[in-house]
Amino acid sequence: MQEVADLIACEECDAIHSRSAPGRNEIALCSRCGAELERDMSAYSRRVLPLAIASFLIYIIANTFPIVEMELQGIVSRTTLIGSVLSLNAADMPFVASLVLATTILFPLIQLLVLIYLLASVTRSGYHPAFNLLVRLIQTLQPWVMVEVFLLGTIVALVKLTNMATVLPGVALWAFGALTILLAAVSSFNPRYIWKMALSKKTERSHVS
Ligand SMILES: [Zn+2]
């Protein structure tokens, strides 16, 4: 890809604009369709890595502790997310179990780990040999991360179950709520900003040497 320093194309409508670096907390919008062209990255680069690490820690809590605790006729049962996947599989629903496993456990984990690894290496050295591949991987997984769908489904199921049993939301359910908000913030991730971070780090290094 050829980088033309003083021009920028709108990703939505292909309109070409002359580029002027956005000031602090400023966002440049396309004059034709209003899509975001560029924004001040200083705040972005400071924010995304800590957010991704926080999301990863919350993800561990969400997957370790019980989602829900139910009491029915004196019998208490609790389950974790992976426990619910195993139960679905045991109940002859392997397809649904695989979907839950992929969209709420595997894909968010891969997405977060790759993003943390990429941001950490770009912040440190300004370059990663598999940059394109890793960014494509994150973008491909993005539509398949469905933690919020799982959270809504669980809340609806819990509300319906309250008529039949005593239902207590577990630590993991609150963690999933927090994870949904954090992932929404992290997914504001735009590969162009990481590319910019890498370029500015590279320029910084060449100036120093
Ligand atoms: Zn546009």
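Reader: Which residue in E6 is the bridge partner of Glu69?

Author: This is a predicted model. In it, Arg78 of E6 is the bridge partner of Glu69.

Reader: What makes E5 and E6 a pair of strands?

Author: Strands count as paired if there are at least two bridges between them. Five bridges join E5 (residues 68-72) to E6 (residues 75-79), so the two pair by that rule. They run antiparallel. Besides Glu69 with Arg78, Met70 stands opposite Ser77 and Leu72 stands opposite Ile75.

Reader: What lies between E5 and E6?

Author: Two residues lie between these strands, which form a hairpin. In the turn, Gln73 has a positive phi of about 50 degrees.

Reader: How do you know that E5 also pairs with E7?

Author: The same rule of at least two bridges applies. E5 and E7 (residues 166-169) are joined by four bridges, so they pair as well. This pairing, too, is antiparallel. Met70 faces Val167 in E7, and in E6 Met70 has Ser77 opposite.

Reader: Why are E6 and E7 called edge strands?

Author: Each of them pairs on one side only. The open sheet has three strands in the order E6-E5-E7. From one strand to the next, the twist averages 15 degrees.

Reader: Why is H2 called roughly antiparallel to H3?

Author: The axes of H2 (residues 81-90) and H3 (residues 94-125) cross at roughly 160 degrees. Angles over 145 degrees count as roughly antiparallel, so H2 is placed in that class relative to H3. The axes come within 7 Å, and the crossing is left-handed.

Reader: Which residues make that contact between H2 and H3?

Author: From H2 they are Leu81, Ile82, Val85, Leu88 and Asn89. From H3 they are Pro94, Val96, Ala97, Val100, Leu101, Thr104 and Ile105. By class, ten residues of the contact are nonpolar, two are polar and none is charged.

Reader: At what angle do H5 and H6 pack?

Author: The angle is about 145 degrees, and the axes are 9 Å apart. The crossing of H5 and H6 is left-handed.

Reader: Which residues of H5 and H6 meet?

Author: On the H5 side are Val147, Glu148, Phe150, Leu151, Thr154 and Leu158. On the H6 side are Leu173, Phe176, Gly177, Leu179, Thr180 and Leu183. This contact of H5 with H6 has eight nonpolar residues, three polar and one charged.

Reader: How many aromatic pairs does the structure hold?

Author: The structure holds one aromatic pair. The ring centres of Phe150 and Phe176 are 5.3 Å apart. Rings pair if their centres lie within 6.5 Å, so these two qualify.

Reader: Why is the pair of Phe150 and Phe176 called tilted?

Author: Their planes stand at 55 degrees. Planes under 30 degrees apart count as stacked and those over 60 as edge-to-face, with the rest tilted. The value of 55 degrees falls under neither of the first two headings, so the pair is tilted.

Reader: Where in the chain are these two rings?

Author: Phe150 is in H5 (residues 147-161) and Phe176 is in H6 (residues 171-186). They are 26 residues apart, and the pair links distant parts of the chain.

Key. Residues numbered from 1 in each chain as written. Predicted model: local features only at pLDDT ≥ 70, side-chain atom pairs only at ≥ 80, totals over all residues. Heavy atoms only, no water. Axes fitted to C-alpha atoms, helices over the stretch in contact; angles between N-to-C directions. Parallel < 35°, antiparallel > 145°, perpendicular 65-115°, else oblique. Left-handed = near helix turned anticlockwise from the far one by under 90°. Contact = heavy atoms within 4.5 Å. Nonpolar A, V, L, I, M, F, W, Y, C, P; charged D, E, K, R; others polar. Phe/Tyr/Trp six-rings, centres within 6.5 Å; stacked < 30°, edge-to-face > 60°.
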